[in-house]
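Please find below a colleague's note on the structure, set out as numbered points. The reader may wish to keep the sequence and the 3D view at hand throughout.

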Amino acid sequence: MAGDLPGRSIEYADLSWPQAEALLSSPRKPVLLFPVGATEPHGPHAPLATDMVISLGMCRRAAAALADDPEMGALILPPLAYGVTRYSAKFPGSVHISEETLHNTVVGICASLIAQGFRYVLLVNNHFEPEHVQTLHRSIDTVQARTGVTVGYLDLTRRERAALLGEEFRRAECHAGRYETSLVLAEKPETVDRHTMATLPAVPVSLVTAIGQGLKEFKAMGLPQAYNGAPAEASAAEGEETFAVLTQMLIETMRALVRGMGGRDRPGFFGRREDGP
Ligand SMILES: [Zn+2]
């Protein structure tokens with residue numbers, strides 16, 4: 001567990017194998033946080049890694065907050081920085097992997113950990129393209145069917161969760177706008193071009209509406225620079241406030257998972273498949 005390790009490491013891959021073995025019999029339940037993101041354009045001002053920066057920021061804060069928790073602790077798995085990313089395909093920098101590749105990778109990693117005896121793995125995802133989120137849910141279903149173990153998931157596209165993440169996110173103007181840019185300013189400010197950010201006009205396009213119209217590409221949706229919302233209004237202070245909300249949600253989800261009382265959200269808007277659950 002984090003608090004029992006030399007240097008209080010919170011990175012799973014920093015463990016030696018005897019430390020990994022000891023973790024399995026730790027009285028504090030080890031929760032393995034699996035950061036998932038995408039490598040894709042986030043406006044002309046924010047990094048391709050935006051979604052991963054947010055996932056890692058949540059994981060780091062949750063692990064630190066649980067360092068002395070008597071019930072559980074967190075370790076962060078090596079992240080998966082690629083996802084299903086077709087919407088941004090017309091912009092330089094986008095890296096796409098197929099649904100099958102994502103599914104098989106997530107299932108393989110989770111099943112491998114479960115086969116060793118780890119019982120609590122939780123996906124921490126911040127890339128919300130529907131086909132990506134749907135694939136993560138399907139991966140969790142596959143792991144459940146094969147192993148009987150529930151992989152945790154915090155679905156931020158659920159209405160009650162989105163409602164806590166600010167007006168812009170709730171309106172689904174959630175790609176590289178004020179919400180995401182603020183989080184990156186809080187976590188990795190050197191990767192945001194603040195000068196460009198300050199010049200960007202607001203793009204009040206709802207991704208929920210655009211997706212509902214059957215659009216599947218940012219330029220066609222009315223996001224000519226691969227962002228919507230209002231990035232010029234972003235601030236590190238708002239990012240820290242949002243991280244506090246996200247971290248609280250994550251810890252509650254982890255606790256539900258270790259107590260066998262949930263921990264896996266049902267799909268929200270972006271996670272539902274048209275062809276069934
Ligand atoms: Zn994003």
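The points below concern a predicted model and treat the sheet, the nonpolar cores, the zinc site and the cysteines in turn.

1. The sheet as a whole. Four strands make up an open sheet, and their order across it is β2-β1-β3-β4. The pairing is parallel. At the edges stand β2 (72-76) and β4 (152-153), each of which pairs on one side only.

2. The pairing of β1. Strand β1 covers residues 29-36 and pairs with β2 in the parallel sense over five bridges. Within this pairing, L33 stands opposite I76 of β2. Strand β1 is also joined to β3 by five bridges, and these two strands run parallel. Here P35 has V124 of β3 as its bridge partner.

3. The pairing of β3 with β4. These two strands are linked by two bridges, again in the parallel sense. L122 is found opposite G152 in β4.

4. The surroundings of β3. Are the residues of strand β3 (residues 121-125) buried or exposed? Five of its five residues are buried. As background, the side chains of a regular strand alternate between the two faces of the sheet. In β3, V121, L123 and N125 point one way, while L122 and V124 point the other way. The residues on both sides are all buried.

5. The largest nonpolar core. This core contains 79 residues. Those with the most contacts inside it are L33, L123, L156, L207, L246, L250 and M254. Which helix gives the most to this core? Helix α11 (residues 236-258) does, with eight residues.

6. The contacts of M254. When neighbours within four places in sequence are left aside, M254 touches V31, L33, A62, L66, M72, A74 and L122. For the student, this list is a useful one to trace in the 3D view.

7. A second core. Separate from the core described above is another of six residues. Among its members are V184, V192, M197 and A234.

8. The zinc site. The protein donors of the zinc ion are H42 through NE2, D51 through OD, and E180, which is listed twice through OE. They lie 1.9 to 2.6 Å from the ion. In sequence, the donor residues follow the spacing H-x8-D-x128-E. D51 belongs to helix α2 (residues 50-65) and E180 to helix α7 (residues 178-187), so this pair ties together parts that are 129 residues apart in sequence. Both D51 and E180 are buried.

9. The geometry of the zinc site. The angles among the four donor atoms run from 53 to 135°. The site is classed as irregular, because a tetrahedral one would need all angles between 85 and 135 degrees.

10. The cysteines. How many disulfides does the count give? The count comes to zero. As a reminder, a disulfide is a covalent bond between the sulfur atoms of two cysteines. C59 takes part in no disulfide, and the nearest cysteine sulfur, that of C110, is 13 Å away. C59 has 0% relative accessibility and therefore counts as buried. For C174, the closest cysteine sulfur is that of C59, at 19 Å, which is too far for a bond. C174 is buried as well, with a relative accessible area of 7%.

How values were computed: Residues are numbered from 1 along each chain as its sequence is written. This is a predicted model: local features need pLDDT of at least 70, side-chain atom pairs count only at pLDDT 80 or more; totals for chains, interfaces and linings use all residues. Side-chain values use heavy atoms; hydrogens and water are left out. Donors are N, O and S atoms within 2.8 Å of the metal (3.2 Å for Na, K and Ca); water is not among the atoms, so sites may look incomplete. Four donors count as tetrahedral if all angles lie between 85 and 135 degrees; four count as square planar and six as octahedral if opposite donors are over 155 degrees apart and all others between 65 and 115; anything else is irregular. Buried means under 20% relative accessible area, exposed over 50%, partly exposed in between (1.4 Å probe, protein chains only). A nonpolar core is a set of buried Ala, Val, Leu, Ile, Met, Phe, Trp, Tyr and Cys residues joined through side-chain atoms within 4.5 Å. Contact means heavy atoms within 4.5 Å. A disulfide is a pair of cysteine sulfur atoms within 2.5 Å. Two strands pair if DSSP finds at least two bridges between them.
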